[in-house]
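The following exercises concern the fold of one chain and its contact with another. Please study the sequence and the structure before reading each solution.

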Amino acid sequence: MNPIFKILSNIGNQVTSRIWRLGSATRLFLLTLIYSGESFRRIHLMIREIYFTGVMSIIIIVVSAFFVGMVLGLQGYYTLQKYGSSESIGVLVALALLRELGPVVTALLFAGRAGTAITAEIGLMKATEQLSAMEMMAISPIARIIAPRFWAGAISMPILASIFSMVGVMGGYLVAVPIIGVDHGAFWSQMNVNVDFKFDVINGLIKSLVFGIACTIIALYEGYDAPPTAEGVSRATTRTVVTSSLAVLGLDFILTSFMMSY
Amino acid sequence: MDKTTLDIWVGLFVATGIAALMGLAMKVGNLTSNTLGETYMVTANYENIGGLKPRAPVKSSGVVVGRIDNIKFDTKAYQAVVTLKIDKRYPFPKDTFANIYTSGLLGEQYISLEPGGDDHFLKEGDRISKTQDAVVLEKLISQFLYNKATDEPKK
């Protein structure tokens with residue numbers, strides 16, 4: 001075969017398979033929304049999933065938020081001090097966390113911590129034919145397995161992001177006030193004046209909700225779509241992390257450009 | 001419904017999230033200090049507003065008494081129309097000056113209200129007639145240079 005033809009057909013194959021996957025992921029998303037009424041009626045299933053995705057992620061979120069906040073405090077101080085405005089360090093830490101780092105880093109950690117777990121779990125359920133068994137018993141696996149996990153992810157994410165931002169601000173405070181010696185009052189008051197509740201806090205929450213939905217649906221789809229082999233599940237898990245991270249960063253740009261234009 | 005230990009953890013998790021959000025709203029955001037409970041709107045016209053933005057503070061004696069609601073351009077007078085949202089707790093006389101100042105050399109611009117001596121107070125929808133435009137640095141410099149140039153031949 002002509003090598004150029006081979007390359008072209010390879011590219012075409014890649015593109016069509018990506019588009020096909022996007023289409024079936026969207027179908028899964030819509031099916032999940034249709035079946036979510038049932039998952040809200042069986043709330044204990046959702047609570048179980050919130051425990052596994054949200055509560056279990058809290059340690060990694062809190063620890064990394066604390067360090068991110070401390071690093072922001074240090075880095076911000078070194079630069080702001082050159083311009084003689086080290087008091088506005090609180091503003092810098094708060095805005096950076098609320099607008100960007102809170103939602104984005106939480107989503108990346110969430111994809112790594114909870115997303116992979118979801119993919120592996122569902123992939124293994126599929127490999128061991130538990131999903132087919134459910135279908136045989138006339139139980140929709142989407143209503144019983146997918147929808148509760150989806151809502152658990154969508155609910156956990158904004159909560160985790162607000163915890164991240166708050167702990168990050170505390171970390172920044174710890175570095176700025178007791179260690180560096182920025183004035184305590186100036187730190188909080190500058191932050192208070194320059195951070196807007198609607199513009200910064202609510203927009204950050206909206207971002208994290210969108211990231212939560214995107215990360216969870218990607219993880220669910222990869223698991224649901226994984227080839228029923230050990231290798232297939234491991235590849236699906238890898239793909240979850242890669243795709244979710246890229247989706248989060250891409251969505252972040254789109255959302256930011258919407259939110260910052262007023 | 002029987003309660004399990006799982007419920008406690010999830011409840012704790014949600015409560016922590018709400019607490020963090022409250023912290024962000026109260027301590028970090030300006031939900032408490034900036035709730036301009038009851039407000040009244042007044043407008044002010046300017047030839048030039050410089051870098052004034054919506055949501056910028058309106059101050060009097062340095063205290064934030066309101067926010068800028070919106071900025072429009074009036075095509076009849078070719079002037080900027082700034083709508084100020086001021087807290088009802090702070091009534092201002094009719095002949096109040098509304099000047100645009102800059103906080104610091106590079107800081108944000110804000111409107112400063114300097115009260116006059118009128119017995120009547122500003123009401124909803126009133127227009128502040130006494131305004132002072134933003135200082136445009138380039139204009140000042142060019143004026144200064146122009147004056148210098150005209151001064152020169154006299155010597």
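**Exercise 1.** Determine what share of the contacts in chain A with a separation of 6 or more comes from residues 24 or more positions apart.

*Solution.* The structure is a predicted model. Two residues are in contact when their C-beta atoms lie within 7 Å. Among the contacts of chain A with a separation of 6 or more, 87% join residues 24 or more positions apart.

**Exercise 2.** Describe the elements of chain A and the span of its C-alpha trace.

*Solution.* Begin with the elements: chain A holds nine helices and zero strands. Read from the N terminus, their order is α-α-α-α-α-α-α-α-α. Next, take the principal axes, along which the C-alpha trace of chain A spans about 65 × 55 × 35 Å. Finally, consider burial: chain A has 262 residues, and 44% of them count as buried.

**Exercise 3.** State how many residues each chain gives to the contact, and characterise the side of chain A that touches chain B.

*Solution.* First, chain A contributes 24 residues and chain B contributes 20 residues. Second, at least two residues of the side of chain A that touches chain B come from each of helix 2 (43-53), helix 4 (89-127), helix 6 (141-180), helix 7 (184-194) and helix 8 (197-225). Helix 6 of chain A gives the most, with six residues. Third, sorted by class, this side of chain A comprises 17 nonpolar, four polar and three charged residues.

**Exercise 4.** Identify the domains of chain B and how far apart their C-alpha centres lie.

*Solution.* Chain B is divided into domain 1 (1-33) and domain 2 (39-142). The C-alpha centres of these two domains of chain B are 40 Å apart.

Note on methods: Residues numbered from 1 in each chain as written. Chains lettered and ligands numbered in written order. Predicted model: local features only at pLDDT ≥ 70, side-chain atom pairs only at ≥ 80, totals over all residues. Helix = DSSP H or I, 4+ residues; strand = E, 2+ residues; numbered from the N terminus. Nonpolar A, V, L, I, M, F, W, Y, C, P; charged D, E, K, R; others polar. Buried ≥ 20, exposed ≤ 12 C-beta atoms within 10 Å, placed from the backbone. Domains from an automatic or database assignment.
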